[in-house]
Amino acid sequence: MAYTAMSGSGTTSGDDPLQTAVWRLRSRACWADAAALLDAATADASLQRAALLVERCLYTEQGWEEAEDALRTAEALAQSDDERGAAACERGQLAYAATLLGVRDRADEARAALGRAAALIPPGVSGRAVLDFRRGLLAENLARSPQAARAAYRRAHAGATAHDDPLLLSFTWRHLAGLALREGELAEARHGFGESLRIREELGYLVGTAPALASLADAESEPEASRLRAEAGRLFRLLGGVPTWLARQLAPPAASA
């Protein structure tokens, strides 16, 4: 398979020991250590390594050059359409992250890269679900089109369900719930955020658990909301302030005024 950062490989007891080790490091925000375990001489390993370092950029706002270098290696080693499509998907994600976090406006590059990925990754495969999710991110956060984002997230959700990818499901549940919350659909939002949190706790995805707790808090009333935010803050501090962008969501009202 062509790995992407959304893959949950290594999360079950029957997985390859190397993938289990990579997953444990990744889930604890140790992306560089996880990437160091991989032999980047093969297309699959180089893709997975690049995906890990791209994810680190999104969560820490650091490591951009290292991610670019790893991505160029993955692009050079890619031989099949599947591998080239996965590399293009990671290229799009890196450009999206740089734009979203204000490093540099690479929105056009992100759209072009995900467009290339769509031409290379056929419908119905697991990589297509990841691509659909990332196209939803662009639609929601860069194009400001919630309708297009919802359609893309739903396609990704269906694909993740079909391919039994619980980690991706945790992302689609969370982002669909976020759209529901903005429309005032509190019951739907609570359900989606709750499902995302449940999956991440079951997988041991620590770096994604604090954002899931904070999101659920936004849909809950007091005192449950404060309890959830306090737990999110504890995990956030435990992981050294990662993901960096969560600090703004956890800031008390007086501090953000």
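1. How much space lies in the largest pocket? In this predicted model, the largest pocket holds about 860 Å³ of space. Its lining is made up of 32 residues, and those closest to the centre of the pocket are L100, N141, R174, H175 and W245.

2. The lining of the largest pocket draws on several helices, since helix 3, helix 5 (81-100), helix 7, helix 9, helix 10, helix 11 and helix 13 each supply at least two residues. Helix 9 gives the most, with 6 residues. By residue type, the lining of the largest pocket divides into 16 nonpolar, 6 polar and 10 charged residues.

3. Helix 10, one of the helices that supply the lining of the largest pocket, runs over residues 186-203 and has 18 residues. From its first C-alpha to its last, helix 10 reaches 26 Å, which is close to the 26 Å expected at 1.5 Å a residue. The buried residues of helix 10 are A189, G192, F193, E195, S196, L197, I199, R200 and L203, and what covers them includes helix 1 (17-27), helix 9 (166-182) and helix 11 (206-219). Helix 10 is followed by G204, a residue with a positive phi near 75 degrees.

4. Helix 6 can be read in a similar way, residue by residue. Helix 6 spans residues 107-120, has 14 residues, and reaches 20 Å from its first C-alpha to its last, close to the 20 Å expected at 1.5 Å a residue. In helix 6, the residues A107, A110, A113, L114, A117 and A118 are buried. These buried residues lie on the same side of helix 6, because they cover an arc of only 145 degrees around the axis. Helix 5 and helix 7 are among the elements that cover them, whereas the face of helix 6 turned away from the buried side carries the exposed residues D108 and A119.

5. Some details of the backbone deserve a careful look. Most residues other than glycine have a negative phi, and most peptide bonds are trans. Where does E61, with its positive phi, lie? E61, whose phi is near 60 degrees, is found in the loop between helix 3 (43-60) and helix 4 (64-77), and E61 counts as partly exposed because its relative accessibility is 29%. R144 also has a positive phi, near 55 degrees, and is a residue other than glycine. R144 lies in the loop between helix 7 (126-141) and helix 8 (146-162), and R144 counts as exposed because its relative accessible area is 63%, where the cut-off is over 50%.

6. Two cis peptide bonds should be checked alongside these residues. The bond from E222 to P223 is cis, with omega near 5 degrees, and P223 is found in the loop between helix 11 and helix 12 (224-238). A cis peptide bond also joins V242 and P243, with omega about 0 degrees, and P243 is found in the loop between helix 12 and helix 13 (246-250).

7. Is A225 buried or exposed? A225, which has its place in helix 12, counts as buried because its relative accessibility is 2%, under the cut-off of 20%. When its neighbours within four places in sequence are left aside, A225 is in contact with A217 and E220. A225 and S215 are 10 residues apart in sequence, and their C-alpha atoms are 9.6 Å apart in space.

Notes: Residues numbered from 1 in each chain as written. Predicted model: local features only at pLDDT ≥ 70, side-chain atom pairs only at ≥ 80, totals over all residues. Heavy atoms only, no water. Helix = DSSP H or I, 4+ residues; strand = E, 2+ residues; numbered from the N terminus. Expected span 1.5 Å × (residues − 1). Buried < 20%, exposed > 50% of the residue type's maximum accessible area, 1.4 Å probe, protein only. Contact = heavy atoms within 4.5 Å. 1 Å grid on protein atoms, 1.4 Å probe; cavity = no way out; pocket = protein on both sides within 12 Å on 5 of 7 lines; lining within 4 Å. Points joined across faces, edges and corners; volume = space filled by probe spheres on them. Nonpolar A, V, L, I, M, F, W, Y, C, P; charged D, E, K, R; others polar. Arc of directions from axis to C-beta.
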